[in-house]
Every structure is written in C-alpha cells, then in structure tokens.
Amino acid sequence: MAETEEPKMKARPIVRLGIFLISHSIFFSVICFSAGVLALLLLPMFSMNTYISENALMPGSANTMLSGQEVSDSNNLVKDLKSLNSQPGSTVFGNQKIIAKYILNLGAEVNYHRFHPQFNQFHPVHFFSSPDPGIIRDNVSCMTQGINTVGIIRAPQADGKEAIVLVTPYNPVKTSLHETLSLGIAYSVFSLLAQVTWLAKDIVWLIADSRYGEYAAVSAWLRDYHTPAFGRSIMIDTDACPETNVLYEFEANHMTEKMSLGDFKRAGTMAAALVIKVSNRSEHFEDSLSVYAEASNGQMPNLDLINIVNYLAVYRQGFRIKIEKFLPLLDCKWLKVLGEVFESIGKFIRSMNPEWKFGMPASDYVDGTATLASSLYYQAVGIPTGSHGAFRDFQIDAITVEMSPKFPSGVNVRHDEFILRGGRLIEGVVRSVNNLLEKFHQSFFLYLMVSTSKFVSVGVYMIAFALLVAPLPAVAASLYSYANNLNLTVEKVEPAASANSDDELIVSLRSWKWVNAAKRVFVVHVWGAVVSLLPYFICQIPGYSPTTRSIIWALLSLLTLLILSVVLCSPLSSTKSSEQQIQEWAFLKAMTTSAAFIGLCLMSVINFATAELGAFLVVSMCLLVHPLKLDLVPGSFKALSRAACNLVLGFIAFPPVTFFLFKAALQSLDDLHIGDFWNWMETLWAWNSATFLYLDQPIRKELTFVLAL
C-alpha cells in the first residue's frame, strides 16, 4: 500500500505577499517611487487650515492694557540711547547702564551676564554637543567679552516656577534705529507687565549683546542659566577692565578694588520665548510681520505658538504676515501647468460630488508649493534661522518675531503708533502663554508651512517618504534571492570537485557569499567617515583660502580612495566569469540598497526634511544603477540608455555638483566660486547640522558601485 503524501503547509498571507513583492520588485519599485513623487507634488492640496489646539491660550479674549504712557516711557529710552550714541567717545557699556537704570526704575530685578564669544569650529568629539564652557573662559581678554543685561519681573501671584522670556538683540557698538525700536517695543511691554497683577509666570527680559552674534549671546546665557556654578562668582578686575565700572557706579561700593557681576539671577522653567526684532527694511503699503521658527536639525516649536502670533497680528493689530518662499518656483512654467491640471481635476471631481473637496486654484498651488519648498529647505539644512534656535536646544518653544515698519528707518514719524501696535501684539502673546497650566503639547511639532494659515502635518508628508523608500527593501530581497539562484545555476554547470562532498558544507559556504559584499560596503562607509573628518585636520593648517582647502580636501579624498581600491582589490582586474561577476554585483547592490534604506530611516528620526529630500537622489540611484561594463558589452539601446542615465544621475548626485546647480538656479553663474562649497560645508559643521554627515551618503553609494564595475 503506497504511503499517502503529506499535504504541504500553506504559507501565511503575509509571506505570500512578501514573495509576490520580491518576485515583482521592478513593477513595485516603479509604482511606489512614482507615487512618492506624486504625493510630494500633492502636498499643498492636502494642507489643513491652522487652528489653535490648546483652549487655555484664548488669544485676544482680553482687552489690551498697553497705553500711550508705556509708549512714552519707551520713547524716552530710545531717545536716551540715541543721544548717548551720538556723543563722541561714548563707551560700549554706557548703553547697558541706561537700560539697567530704566529696568530698576520699574522695580524689577536686574543683573549682568558676562560671556565670551565661541568661535565655531568643527570638532569630531563635540559635533553633537556644545564645547566645554570652562575652556572658553581661558585666555581671553576683557575687551573680547560681551555683557547681556537681564531684567526679571517676579509674578506677584505665582511661586516662581515658570517664566516667559523676551529677547531683544542689541549691538552697543553699531547701533541703529531698528534695534532701538525693538528695545522700545520690548520695554513698553516690560513696563506694563511690571504693574499688572494677573501674571502667573515670571517675565525675563534678555537684552542680548549681539556684537559677536545674537545667537552666541543667547546661547551663552541659556547655557549658564541651566548650568549653575556653585561656589564661584564672576569677578571683574577694575584695573584690567576700567570701563566696566560704569555698569555699577549706581550700586557699587567704591572702597573695593574688584567688583562682582553679582549672582546669576534665575526665574522658573521657561514656558516659551519670543525674540523681538525690527527689520531695517521698510514696507510700501502697511506694517508687516515675519515669523521665523526653524531651529537646528529641523526642530520646530509647537504650532500653537505660531498660530497665536499670526492670529493676533492679523485680526487684532492689522499686520500683514509675510512668509518665506522659494522664489524660482514662482516663475516655473511646468509648475504652473501642473497647477492648472490639478485645478481641472478638482473641478471635475467636485462636479461629480460637491462634497468631495479636492483641488485648488493654480495660483494658490504655485504659491503654496514655493512656500512648502522653502520650509522643507530650511528644515533640511539644519541651521537655525535666528537666535530662537538656542532655546530649542533646551526643549523650549521659541520663535523670532520680526516687524517691518511702513516708514523708512531714517524717518522719525509714526514711531509711537508702530511701538503701540508692536507692543500690544507682544502683550497678547504673553497673555496667552501666561494662561497655560502646562507646557505646549496639544498641537504639532513636526509640520511644513504652506501659507500663513495652512500647514502639512507629519502624518501627511511621511506618506510620501514611506512611498519613496518602500522599494529599497523589496529590491534588496529580490537581488539577494536572484544572486542565490544564480549561485545554484553556476554550481550545476561547474563540475563537482568531489563526488563525496558534504552537502551541508556546500550550503553553508553558499549562504556566506554575501559577506564579501558586506565587507566592501562597510569599508566604503569607513572611507566616508574618514572623508567627513578630514576638514577638522585641514582647518588646523592656517593661512589657506576656502578654495585651497577645497582642493586639499579633494586630493586627500582621492588618495584615500586609491588606497581603498588597493585594499579591496577591485574586480576590474579579476578574471572571473561574467556569471560570477553578475552574482557579486547582485550581492553588492543588495547590501548597498539595504544600507541606504537603514540610513534614510535613521535620518528620518534626526531630520525628516533631510531624509525626504535625500530619498529622491539616493533611492533613484539605488534603483537605476547597473555596472557600465555589463551595459556596454551588449550594446543595445536599452543598455546604453541605462548607462547614460547612471552617468547623469551619478554626476548630479555628487554633492558639490548638486550645490553648484542649486546655487546657479538662485544666482548668476558669475557669482560661483569653488570655495563656496567649502564655506557652506563649514557652516553646516559649525552649527552641528546632521546634514553634513548625510551629504557623503551619495558619494558612498557611487563609490560602492564604482568599485564593483
């Protein structure tokens, strides 16, 4: 009696789906990548109207209390600062003295914060952290120090556990009307808050000494605010720094030879911060307002903070809100045609069912795409757009509010009206934040702005990123399976080495053939890390221009590349058969594609905007790349077209070429210099931008594929 065959176990649906995607990886990749590009183009159409999530904010629910009296007091401060700066031989510290005197007259606390400027320089150890403050204080003279003036109002009905920070950058050496106006707006609000009884949070007013950069002044104060120094007071030698006596002549004891800056005064945990600035650009029609929110590595403040500023500025004070746009896209013809196509599709869909809301006017689509591209770019670069970025490093929601008056900076008209409107705007924002019982948490922290009243949340734009990177694991699995099947075919053709060979040993050796490809990918990534660290050593060589340093960097990178090719023993000189070369290529591309997928996913955690933009070049390169030697042998049109696409894509994806092409689109070709790329890279590593580490990702992919040709 014949034995009945055991029925085969049916694979689970998820396994069958995986097998289907692997077997149809090319079709799946084309569909997903095309859908990802289309999803990015459709982002402006899927934007939502901004709204205030936290009900406790209640912007505009109370009448403003700022009156002409506070504006008059702020005008007196502006006049005193202007008269002091117009006098010959005025000292740098005289401005701090005047500001401190006005703060003391309000009954508020005042203290000075001394700091020394930090010179941003790439250091591999401190790339993701700040330099040691103790090292910065050494070997500096008193004339290179900056002094911040800090005023604090203690909330009468609170326990001092929370605070709101107002920041006004001010350069006491090169004073200008727009800086004194920003001081006048902040002082008018500060003088009002010193009188009210409804404050539930302390108010801190930081007048940042911006002689060495406003970001450096704010960052130094925040670092000392959150890092108390016990048992140590900061002393100023009156013999070495005689000019600093003017800061304390109204409170110092003249019997002492040395005077202390005093204890570092602190308030509570910072709930929010506003950087108040007045632009030196004048508007032709009406006062305008710009809000800057991007911090380091794409960090953004809570959207509620931006929404209350926009709401109060437009509906309470009549400001015109301006937002950054990527200007070349506004004149892009293909984008206008695409907007008209989407508009026609939207009209057709609404004709079928009026409740289906799809589509928007072509002009709004072009404008929204330009705004979204600007928001995506500034987040992807990872460089803060203002001194508010220093607060995000301490997880404090902060924005920069820049007001542009209608009158020119040299005309002394409408000052009172401008200070009144600007002060009432800041008062309204302080009132709203004062109502909070906890930190901002209701609204979004990951978003892209489409206009002043529309945004795209992370739940929408992450779909485009997921579609772009989805082909990578499927292609890697398909190539790995193809290489293993090719291995079996080669072994069947080749004669057996021994009739009594151990099958288990053969299977074991066959399963480890991917290690050679993984070794190459690992060594290439080590080379990328070495290239990323070379600028640190190049910067130690003094006296070289950015162009010379760029050339040195390129030559050293090529030298390490030659050493790497010798170490790896590139298969260019190998005598392997074409089947074996194709097999090694399949393993190598599978490993490289897997590494690209992991790198993109990790970068999406650090900076989502950078990962989204990088997915365009990296994913397309991983999908289209193929050995040129194998493409040129058959000589068919398909093979030659693929080779041409690989060469063009590899050229465009090379970071210096990408940088110069992008800059050429914004500027004329006459302004391009080789050293510009070095200056840009220097800016990235000076601000600890993760984009710097990410830029050599395309180079690593290109090198991995080149070494396998």
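1. Which residues line the largest cavity? In this predicted model, the lining is made up of N95, Q96, I99, I147, T149, Y170, P172, I207, A208 and D209. At least two lining residues come from each of helix 4 (94–105), strand 3 (146–153) and strand 5 (202–209).

2. On the extent of that internal space, the largest cavity holds about 40 Å³, and a search of the whole structure returns 1 cavity of 30 Å³ or more.

3. Turning to the annotation, the unreviewed UniProt entry places the feature "transmembrane region" at residues 17–43, 458–482, 520–538, 550–573 and 644–665. Two of these spans can be set beside the model's secondary structure: residues 458–482 are 96% helix and 0% strand, with their end C-alpha atoms 36 Å apart, while residues 520–538 are 100% helix and 0% strand, with a distance of 27 Å between the end C-alpha atoms.

4. On the surface, V648, F651, I652 and L661 together make a nonpolar patch of about 370 Å². Helix 22 (residues 637–653) gives the largest share of this patch, namely 3 residues, whereas L661 belongs to helix 23 (residues 655–666).

5. Why is L661 classed as partly exposed rather than buried or exposed? Its relative accessible area is 47%, and because the partly exposed class lies between the limits of under 20% for buried and over 50% for exposed, L661 falls into that class. The value also fits its place in the patch, since patch residues need over 30% relative accessible area.

Note on methods:
Residues numbered from 1 in each chain as written. Predicted model: local features only at pLDDT ≥ 70, side-chain atom pairs only at ≥ 80, totals over all residues. Heavy atoms only, no water. UniProt positions renumbered as here; feature names shortened; annotations may be inferred. Helix = DSSP H or I, 4+ residues; strand = E, 2+ residues; numbered from the N terminus. Patch = residues over 30% accessible without salt bridge, like charges linked within 9 Å, V, L, I, M, F, W, Y side chains within 5 Å. Areas by Shrake-Rupley, 256 points an atom, 1.4 Å probe, with all protein chains shown as cover. Salt bridge = Lys/Arg side-chain N within 4 Å of Asp/Glu carboxyl O. Buried < 20%, exposed > 50% of the residue type's maximum accessible area, 1.4 Å probe, protein only. 1 Å grid on protein atoms, 1.4 Å probe; cavity = no way out; pocket = protein on both sides within 12 Å on 5 of 7 lines; lining within 4 Å. Points joined across faces, edges and corners; volume = space filled by probe spheres on them.
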